[in-house]
Each structure stands twice: as structure tokens, then as C-alpha cells.
Amino acid sequence: MLETLSQILASESPRASITVRGWVRTKRDSKSCSFLELTDGSCFKGLQGVVDAGLPCAELLPRILTGTSVEVVGALIDSPAPGQKWEVQVHDLKILGEADASYPLQKKGHTPEFLRTIAHLRPRTNLFGSVFRVRSKMAFAVHRFFQERGFFHVHTPIITSSDCEGAGEMFRVTTQKPNVPTKPEEDFFGRPTYLTVSGQLQGEAFACALGNIYTFGPTFRAENSNTARHAAEFWMIEPEMAFYDLFADMTLAEENVRYLVQAMMSECPDELEFFNKFVDKALISRLQQTLDKPFERISYSEAVELLLKSGRSFEHPVVWGEGLQTEHERFLAEEHVQGPVTIYNYPKAIKPFYMRQNDDERTVAAMDLLVPGIGEIIGGSQREERLDRLTTAMNAQGLDEETYRWYVDLRRYGSVPHAGYGMGFERLLMFVTGVSNIRDVVAFARTPGHAPY
RNA sequence: UCCUGAGUAGCUCAGCGGUAGAGCGGGUGGCUGUUAACCACUAGGUCGUAGGUUCGAACCCUACCUCAGGAGCCA
């Protein structure tokens, strides 16, 4: 395997000969030499190459503009100037691919809005390079968290026929031609099918067999929502645990968030420092606080009381039985608790059929984990394991029994208490990077009216 | 989908009724172990699109398009 910059920079002593392949970030010319700032994406840091004016390869320098890809051979030496530990004294230089003056990235700052329009080039910037290195590290940490705890990874289907939760518009999957009237039973799958909005229902089937499972994959919502927190395609982590009740569920969710924050801090220090400096100056202190302080838990009813007693005038009235609005959640997480907070036991009427009914007959065992700046990062519940209660709830919400027959079977045969949650992976990334727009933590974001790649 | 704001050079922006501007980036020259280098010169624009008002519109009005921020829905 070829050596990456990340490996080269980890050197403990000078080396007579190294080879660096990467892109030129900037070039600075001096009379006796030129300085090339090289990056290869393997880590946040770059390496400065020094090309003496007398070298034969120095003739290439006029053709090297920002963005040019090069192969550099030279000696890794202690840098005599402040600003970097190492530099490479160039012996030979090869241009792999030129980049002319139309290359849109400059060394000066670009707005994220502009960079979104060149999503194929933006991972070459400090900001987006950092975001996507972190995204990879976090994805692996998600698997590690569950695997270390004996959870099994289940690959639930992307194409589904159950319009789970009745929560939101779905993307239709079909092979039928437009403008040709055909029946769903004549379609590819013999029935209407959609891109999944959640793997939860299938996840429950596996939890009721393997015990503790999780899914981690793409999910799709055809909602016309235009916000910094919504995308039409996003990744979700959905653990499902047999024999867990709501409180065990909440505990796992909190540990999960804390584990990932810890991973961010210990595995991505350079990126973290960059985000803290240029994206969100309160990032490190907020993450540290997340680790230091236990997460608070407030029941929905208590939360309503708190909001009513806060003396705040909210744009949306606070009424028991209504969902908490964004401004309410922000108040709870950012002002009242000033940290992550779990709200639990929501009114039955505003939650889907599968959540377990509490003894009070008016709430269900649901929970949302709210974090400052983002809002809901996790939503979960204990599932209704009692056959009669489940079918009653299904009927009340007008669901087709035939479609959910297999799901009801889980209660018919050896039903067990179980619980789970869904964590929005992009929202987690926003939380640990401080990046405020979901479009900037997705490689090629899909939002309403926007799928150019 | 609703509300608000913005679209001027490749990028970031100023100009807000009277000849289209700056910084960065590009080119040329100079200087310098430089590090968002520096200095001088230079090229670069149907002022989002289409109408309208006016002697005259980047600027005022209308519609549309695009983007952003906020809201709803949620992860």
C-alpha cells in the first residue's frame, strides 16, 4: 500500500526519502525556492514541500496552481521555520494532473452555500475534508458501540411495502411506465412498494429472535421540508432490544450519544480543533459538558409544566396533548437544562400505533433525546407487546391488518417486552462538528428539488 | 408548503436614480525561508430572468427563478 500523508506525518525522525502524492493547496514563491502546501486527504494536516529554484523540476512550478495533483519525492526534514514540524525537501516533482485558473477553490474562505454548488470538489477543502473524515470515523464508532455490547447488525430492506408509522410521505418504487394506467398487482413486486422510512418494524422481528440488534442504513422521506435539519435521504441507526423497557432504552440511548461524543474527541482532535475555531466556538465546551454531566430526564407532563411556569411567551401555546414545538424543545435543552435532555411519556394521541400504552391510558412509553442546537437527535419507545392493545391501536389509526399481519404475529407468538430508538446519523454529525446545515454533512445531499449528482 | 431576506467580476462583497467598483483568485514584473506572504501594473461584468415606471434603472414597481434564514413535519 502506498504511504499516506497521515502515515508520513507520524514519523518520529527525519527520513532520507519519502514520496507524497496529493494536491497543491497553495504555492508561495521565493527567490531561492518555492513552497508547496500539499494535502492528500488522509488527515487534516498538510505537508510543506520546498523546491529549490535550481532544481530541474523547478521548471514545472509555473504550471502548478492551486488544485494541481503532484507526486513529490524528497527528504523529510525538521522544518527550520516555525509553523510546521516537518517539511519535505523536494528532490523530484511530477505533475499528475494540472488544474488551471478556473479551479474554483481558493486558499481564502468560501461560503458553505457556494461549496454546495460544487459538491464534487468541496471534500478537498479543510471544512468538508474534516466533515467527511469525521463521518467515516463516527460510522465506525457506531458499529463499535453496538458490537462491543453484543448487538447484531441486521440489514433491513431498502424497498418495503409497509408504510411504517404512517409518518410522512414515501418515495414510490415502481417499474411501471409513467402515463400508462396499470394496477399495483401488475407491478414488479405485485403490490405498491416504497423506499423505506425506517427499518424499525423489521428490526423488531429480529430483536424478537436475536435479542439485541441494530440497523444502520439509508432511509428516505418524501416530505417537502426545507430546513437545515431535514434531507430526503439520510442515514439512521435503529437499535431494537428484546426485554428492554423504556428506561433501559433511554439509558442505552444516552450511553450511545456519550460514546460517540467521546469517539469524536479522542479520534478526531485536529478536526475538532478546526471546527471549534472556524465553525462553532462553543463546540468543545458543549461536547465536554455532554461527557461530564449525566443527561437529564423530564416527563412530557413535567416539561409542559416547566414551559407553562417559565414565564416565557411562546409563539405556539403550550398545551398538554399537543406536540412540543421547536421553540419549546430549544427552551428545554438550551435554557432550562443547558445540555442534552430526554423527554418521555408523550400523549398517546400524537404518537404512532406501535408505542406501548402506559397505565394512565393517556400516554405512551415514548422518548425523545434533545440536544442543544439541533433538537431531536433520537426518538424511541417501548413497543406495544400486548396483542389486544396493539390491534386496538392499529384499528384506531385505520391501518390495514393484512399489511401488518407479520408484525402482529410477533405479539401472537412468544411476545416479549422490547424497545428501541432511531438516531439520525446526520444530526449526530451536526452535533459533534457544529456544522449547522444537514446538507453539509452529507456527501451529495438530496433535498426537495435538488439531486444534481 | 408558509413567512422573511438576498441574487453585481471565478470567489467575498461595496455601490441604492445620472459613465460599473474593491479585496482575493488569474496574468506580467519586483521583493522575500514563505506559511490566508508582500508591492506595482494588468485582463476580467447583458448588475438572476422577463416586463413596467422614468429623459435616464444595478438602484423604484410587478411577476417568475434560485439560494439562504425561520416555521410546520420529523431523524
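This note goes through the cysteines, a nonpolar surface patch and the internal cavities of a predicted model.

1. On the cysteines, a search of the whole structure turns up 0 disulfides. A disulfide is a covalent bond that joins the sulfur atoms of two cysteines, and the cut-off applied here asks for a pair of cysteine sulfur atoms within 2.5 Å.

2. C33 shows how this plays out, because the cysteine sulfur closest to its own belongs to C57 and lies 12 Å away, which is too far for a bond. The residue C33 counts as buried, with a relative accessibility of 10%, since the cut-off for buried is under 20%.

3. C268 can be read in a similar manner: its sulfur has the sulfur of C43 as the closest from a cysteine, and at 12 Å that is too far for a bond. With a relative accessible area of 2%, C268 is buried.

4. Turning to the surface, I158, I159, F188 and F189 together make a nonpolar patch of about 390 Å². One of these residues, F189, sits in the loop that runs between β8 (172-173) and β9 (193-195), and F189 is partly exposed, its relative accessible area being 42%.

5. As to the interior, the search of the whole structure finds 2 cavities of 30 Å³ or more, and the largest cavity has a volume of about 40 Å³. A reader who wishes to locate this largest cavity may look for its lining, which consists of Q289, T290, K293, P294, F295, E296, V337, G339 and P340.

Conventions. Residues are numbered from 1 along each chain as its sequence is written. Chains are lettered from A and ligands numbered from 1 in the order in which they are written. This is a predicted model: local features need pLDDT of at least 70, side-chain atom pairs count only at pLDDT 80 or more; totals for chains, interfaces and linings use all residues. Side-chain values use heavy atoms; hydrogens and water are left out. Buried means under 20% relative accessible area, exposed over 50%, partly exposed in between (1.4 Å probe, protein chains only). Patches are made of residues with over 30% relative accessible area and no salt bridge: like charges are joined within 9 Å, nonpolar side chains (Val, Leu, Ile, Met, Phe, Trp, Tyr) within 5 Å. Accessible areas come from the Shrake-Rupley method with a 1.4 Å probe; for residues, only the protein chains shown count as cover. A salt bridge is a side-chain nitrogen of Lys or Arg within 4 Å of a carboxyl oxygen of Asp or Glu. Helices (H or I, at least four residues) and strands (E, at least two) are DSSP runs, numbered from the N terminus. On a 1 Å grid over the protein atoms alone, a cavity is a set of points where a 1.4 Å probe fits but cannot get out, and a pocket is an open set with protein on both sides within 12 Å along at least five of seven lines; lining residues have an atom within 4 Å of a point. Grid points are joined across faces, edges and corners, and a volume is the space filled by probe spheres set on the points.
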